[in-house]
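Okay, thanks for coming, everyone. I'll put a structure up and talk you through a few parts of it.

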Amino acid sequence: MKHEIWFAVSLCCLLLVSCGQGKRDTGIFPSQHPVSVKTPPQGIPDRDRYTKYDRDAILKKVTEDKRYGDLIENTRKSVGQLVSMSDEQLRGLIPPANTKRALMVHRKGCPVHGGGVSVYQPFGTTVDLSLPLQVRCPIGGEVYPSRDFPDDGQGWLDDRPDSPTKGEKYYFVGWFNHWFLQSLPARIKMLGQLWFLTGDEKYSRTAQVLLRRFMEVYPDIDSNDLTYDGTDRGVYIKTTCTPWEGPALMNLTDGFELLLPTVDDQFIRDYRDLTSTKYEVRF
Ligand SMILES: [Zn+2]
């Protein structure tokens with residue numbers, strides 16, 4: 001499986017290089033480098049394509065080294081809110097695939113208070129799970145979208161007559177969507193680690209619900225729905241920005257491998273089909 005992901009990442013690098021060739025007039029472009037494409041071995045059951053870990057050996061190491069205690073506790077806290085959510089609430093964190101994904105609500109910040117004087121400000125890059133598909137302004141404390149600032153997932157169009165950003169879009173839902181999806185692989189991995197170390201099913205349940213929902217939307221996620229601040233075209237692979245897509249999928253698979261004993265064969269086939277999908281790359 002990792003071979004297939006590696007293939008996808010390699011393919012992206014190759015396309016980046018090749019597409020840079022035609023635009024050498026301006027800008028900075030990566031130099032050419034060798035790309036290796038590996039084919040996974042054939043005739044092996046899906047389950048055996050993934051890395052398996054020696055749980056007894058890992059538990060022994062964790063028990064003997066006190067430093068792991070704090071690490072595990074911190075990880076528990078990191079996913080505590082997710083674990084407390086119902087299946088329906090967890091699924092609600094990931095909207096339909098055609099929902100915009102935006103790194104910034106708007107380069108000016110909040111539509112009322114501004115604050116967008118530096119990248120990602122004032123909203124930052126960390127979503128509040130108690131406000132799914134929403135964003136709270138750290139300056140005024142108000143939450144978007146709202147009655148006056150509706151956003152159906154495609155952004156709120158500023159139609160205020162005297163607004164300096166009239167005619168531009170603010171992506172409230174898109175901001176949450178991007179940063180939650182961006183964080184999802186790491187969260188899945190943490191849940192996998194905790195299940196592996198504790199055997200507590202609440203961690204595997206949470207991870208599987210999120211993974212299932214992600215697998216539903218991922219095939220139809222389109223790089224054209226991703227934007228930096230609504231004004232750029234960007235160079236994006238699929239879900240997230242170009243340099244982040246590969247590591248995100250690797251994190252996701254690391255987590256999936258840890259959860260392998262908790263999922264049935266059909267789940268494994270579905271996951272394999274999902275992550276071996278060829279990416280559509282647009283420039
Ligand atoms: Zn505000």
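Before I use any labels: helices, at least four residues long, and strands, at least two, are DSSP runs, and they're numbered from the N terminus. With that in hand, proline 145 is in the loop between strand 5, residues 143-144, and strand 6, residues 156-157. Please keep in mind that this is a predicted model.

Okay, the overview. We've got 8 helices and 8 strands in this protein. There are 283 residues, and 29% of them count as buried. If you take the contacts with a separation of 6 or more, residues 24 or more positions apart account for 69% of them.

Let's go to the core. Which residues have the most contacts inside the largest nonpolar core? They're Val105, Phe172, Trp175, Phe176 and Leu191, and the core itself has 44 residues. The elements giving two or more residues to this core are helix 3, at 67-83, helix 5, helix 6, at 201-217, and helix 7. Helix 5 brings the largest share, 15 residues. As general background, nonpolar side chains in soluble globular proteins tend to be buried together.

So, helix 5 and its partners. In general, you describe two packed helices by the angle between their axes and the distance between those axes. Start with helix 5, residues 172-198, and helix 7, residues 242-258: their axes come within 8 Å and cross at roughly 20°. That makes the two helices roughly parallel, because angles under 35 degrees count that way. The crossing is left-handed. On the helix 5 side, the residues making the contact include Pro185, Ile188, Leu191 and Trp195, and on the helix 7 side they include Trp244, Ala248 and Leu252. Sorted by class, that contact has 10 nonpolar, 5 polar and 2 charged residues.

Now helix 5 against helix 6. Here the axes also come within 8 Å, but they cross at roughly 150°. Helix 5 and helix 6 are therefore roughly antiparallel to each other. This crossing is left-handed too. Leu184, Ile188, Leu191 and Trp195 are among the helix 5 residues in the contact, and helix 6 offers, among others, Tyr203, Ala207, Leu210 and Phe214. How many charged residues does the contact of helix 5 with helix 6 have? None: it's 10 nonpolar and 4 polar.

You'll have noticed Leu191 coming up again. Leaving out residues up to four places away in sequence, leucine 191 touches Val79, Tyr203, Thr206, Ala207 and Gly255. Remember that Leu191 is also one of the residues with the most contacts inside the largest core.

Staying on helix 5, let's look at valine 173, which sits in that helix. Is valine 173 buried or exposed? Buried, because 27 other C-beta atoms lie within 10 Å. Again leaving out residues up to four places away, valine 173 touches Pro95, Thr99, Lys100, Leu133, Pro145, Asp151 and Gly153. Its C-alpha is 7.1 Å from that of glycine 155, with their positions 18 residues apart along the chain.

Two of those contacts of valine 173 deserve a stop: Leu133 and Pro145. Leucine 133 is in the loop between strand 3 and strand 4. Leucine 133 has a positive phi of about 60°, although it's not a glycine. Leucine 133 counts as buried because it has 20 C-beta neighbours inside 10 Å. As for proline 145, the peptide bond leading into it from tyrosine 144 is cis, with omega near -5°.

There's another cis bond to show you, from glutamine 121 to proline 122, with omega near 0°. Proline 122 is in the loop between strand 3 and strand 4.

Last stop: threonine 125, in the loop between strand 3, at 114-115, and strand 4, at 135-136. Threonine 125 counts as partly exposed because it has 13 C-beta neighbours inside 10 Å. Apart from residues up to four places away, threonine 125 touches Tyr120 and Trp179. And how far apart are the C-alpha atoms of threonine 125 and phenylalanine 176? They're separated by 8.8 Å, although the two residues are 51 residues apart along the chain. Phe176, you'll recall, is another of the residues with the most contacts inside the largest core.

That's my tour, thanks for listening.

Conventions:
Residues are numbered from 1 along each chain as its sequence is written. This is a predicted model: local features need pLDDT of at least 70, side-chain atom pairs count only at pLDDT 80 or more; totals for chains, interfaces and linings use all residues. Axes are lines fitted to C-alpha atoms, for helices over the stretch in contact, and angles run from 0 to 180 degrees between N-to-C directions. Angles under 35 degrees count as roughly parallel, over 145 as roughly antiparallel, 65 to 115 as roughly perpendicular and the rest as oblique. A crossing is left-handed if the near helix is turned anticlockwise from the far one by less than a right angle, and right-handed if clockwise. Two residues are in contact if their C-beta atoms, placed from the backbone, lie within 7 Å. Ala, Val, Leu, Ile, Met, Phe, Trp, Tyr, Cys and Pro count as nonpolar, Asp, Glu, Lys and Arg as charged, and the others, Gly among them, as polar. A nonpolar core is a set of buried Ala, Val, Leu, Ile, Met, Phe, Trp, Tyr and Cys residues joined through C-beta atoms within 7 Å. A residue is buried if 20 or more other C-beta atoms lie within 10 Å of its own, exposed if 12 or fewer, and partly exposed in between; C-beta atoms are placed from the backbone.
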